[in-house]
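Q: Could you take a close look at one part of this model for me? I'd like to see how that part sits in the whole chain.

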Amino acid sequence: MPPRKPETLSEALKQAQPLEQSFLSDGTQRLSLQQLLNSAESLASGWAGRSVMIAVATQFEAARILVCLDGVAHRLLLLPPDMKAEHYASMVRDASVDTIICPEPATFVGLNVNVGGFDDHSSEA
């Protein structure tokens, strides 16, 4: 019987061996896949079932969050860094976003959704 196809990014990464010697990196930051998967397990539960808009500046941050939330969040919307603020409200409405992960919560004040950093599990807007 062939091995089961992974359903999430985390499951796919768990197949990379050895995890301690495989990394997510952008040239300035580096995180072993083992560290990434450990943080995914501990952080993801706070985001279960949410419709999340990811509004971060770097590919490293986006990749880390996507690995952690794939298969956990109800919906993931990745906001391009150059998206104009005038489109935020319609994106939140159209995608039924209830949480925004971003480094600058003040950017999204007034959208009536939870806004916060990924590691702090979000705070009320």
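The part I have in mind is helix 3: which of its residues are buried, and what follows the helix?

A: Sure, let's start with the whole chain and work inwards, keeping in mind that this is a predicted model. The protein chain has four helices and seven strands. Reading from the N terminus, they come in the order α-β-β-α-β-α-β-α-β-β-β. The radius of gyration is 15 Å, close to the 14 Å that the globule rule gives for 125 residues, so the chain is as compact as a globular protein of that length. Along the principal axes, the C-alpha atoms fill a box of roughly 50 × 35 × 25 Å.

What about contacts and burial? Take the contacts between residues at least 6 apart in sequence: 49% of them join residues at least 24 apart. As for burial, 38% of the 125 residues count as buried.

Now for your helix. Helix 3 covers residues 59-69, and its buried residues are Phe60, Ala62, Arg64, Ile65, Val67, Cys68 and Leu69. So much for the helix itself; just past it there's a backbone detail to look at. Glycine 71 follows helix 3, and its phi is positive, near 85 degrees.

Back out at the surface, the protein chain exposes about 7400 Å² of accessible area, with 52% of that belonging to carbon and sulfur atoms. On the charge side, there are 9 positive and 15 negative side chains, and the centres of the two sets lie 5 Å apart.

Conventions. Residues numbered from 1 in each chain as written. Predicted model: local features only at pLDDT ≥ 70, side-chain atom pairs only at ≥ 80, totals over all residues. Heavy atoms only, no water. Helix = DSSP H or I, 4+ residues; strand = E, 2+ residues; numbered from the N terminus. Rg over C-alpha atoms; globule rule 2.2 N^0.38 Å. Buried < 20%, exposed > 50% of the residue type's maximum accessible area, 1.4 Å probe, protein only. Contact = heavy atoms within 4.5 Å. Areas by Shrake-Rupley, 256 points an atom, 1.4 Å probe, with all protein chains shown as cover. Lys, Arg positive; Asp, Glu negative; His and termini not counted. Charge placed at Lys NZ, Arg CZ, Asp CG, Glu CD.
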